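Got the model open in your viewer? Here's a short walk through it, one selection at a time.

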Amino acid sequence: MGCDGGTIPKRHELVKGPKKVEKVDKNAELAAKWKYCALSQEKLRRPIVSCDLGRLYNKDAIIEYLLDKTAERPNAEAVTHIRGIKDIKELNLTDNPEWEGERRNTKGDRYEDLNCGMFICPVVGLEMNGKHRFCYLQTCGCVFSDRAMKEVKTEICHKCGDPFHDEDVVVLNGTKEEVEKLREKMKEKQAKAKSKKSKKSKVAETVSPPLESKDDTQSPQVDVAGSSTQQNGDESSQSDLAGPSGSSSSFKGSKSSSSSATKRSIQEMTEKSEAFKSLFTTHSSAKRTKDQTSNWVTHTPYHF
């Protein structure tokens, strides 16, 4: 082994034992869940939204993801279940009066409480820092602590007064078991929505055939009318064969009378003024004599 210079190796240097499991700091883990966006890993800022699994996101990050899903993101697996804006809910949070913001300890001359949360429960006053269970209502988006929901059991929201059911309560940043239950609940909800859409499409298909049947019933009437017109046409053709000269003369007379009734010169209208009549080329002022006309041809030969 050498041992030059009188060095004595120790046992842990010669024998390699099992590697120690690295433990994650609980405070750091809680801060990552409750203070940072699950998608962009940026600090949470209003407006804050949550999905059916109870994860917290910045609304701007979700909108950017929905607009461009091809872009590479660090935690894209956390939002694969979000397919549109309807899959998220904006949270109605209550600010913590003791929260001073990020610049509360810029000098470093006082104690900094890392467990201080940005938001609190509006009923009990517990801070939303990960040490207490929190949940939100899918109907209105209001956030409460689990203790408040258990102590004050009502079917009306404590903050806005909207009614809700037990199925509308979603736990924020729950355990693995709770997330699995929420995932099953989300799949059932999507299946119900699909069944409703299929029922609506079937109803629309069943409504359309009666309209076609009405059209079919109306078609024989049209045929009857067509047959009557054909009979009238046959009779008229027979009359034409019997006396073509009389029918043609009457037809020409009707045409000439209609054309004479429609065509009428503006200069002959007595109800129009002379100023109005002078606007047209048929007026006497627009007619020129031979002296006023030119000997050459131009595009607009108006030479007076």
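Start by selecting Q41, which is partly exposed at 39% relative accessible area; that label covers what falls between buried (under 20%) and exposed (over 50%), using a 1.4 Å probe and protein chains only. Q41 sits in the loop between α2 and β1, where helices are DSSP runs of H or I with at least four residues and strands are E runs of at least two, numbered from the N terminus. Check its backbone too: Q41 has a positive phi of about 60 degrees, though it is not a glycine.

A quick word on what you're looking at: this is a predicted model, where local features need pLDDT of at least 70 and side-chain atom pairs count only at pLDDT 80 or more, while totals for chains, interfaces and linings use all residues. Residues are numbered from 1 along each chain as its sequence is written, and side-chain values use heavy atoms, leaving out hydrogens and water.

Now pick P47, in the loop between α2 (26–34) and β1 (48–51). The peptide bond joining R46 and P47 is cis, with omega at about -5 degrees.

Next, jump to N173, in the loop between β8 (169–171) and α5. N173 also shows a positive phi, about 50 degrees, without being a glycine. Is N173 buried or exposed? It counts as buried, at 19% relative accessibility.

Move on to helix α4 (residues 146–151) and select D146. D146 is buried, with 18% relative accessibility. Skipping neighbours within four places in sequence, D146 is in contact with R133 and F134; contact means heavy atoms within 4.5 Å.

R147 is in helix α4 as well, and counts as partly exposed at 41% relative accessibility. Which residues does R147 contact, leaving aside neighbours within four places in sequence? They are V124, L126 and H132. Try a distance from R147 to V123: they are 24 residues apart in sequence and 9.3 Å apart in space, C-alpha to C-alpha.

Finish with L67, in helix α3 (residues 59–67). L67 is exposed, with a relative accessible area of 72%. Add I63 and I85 to your selection, and you have a nonpolar surface patch of about 300 Å² made by these two and L67. Patches take residues with over 30% relative accessible area and no salt bridge, joining like charges within 9 Å and nonpolar side chains (Val, Leu, Ile, Met, Phe, Trp, Tyr) within 5 Å. Areas come from the Shrake-Rupley method with a 1.4 Å probe, and for residues only the protein chains shown count as cover; a salt bridge is a side-chain nitrogen of Lys or Arg within 4 Å of a carboxyl oxygen of Asp or Glu.
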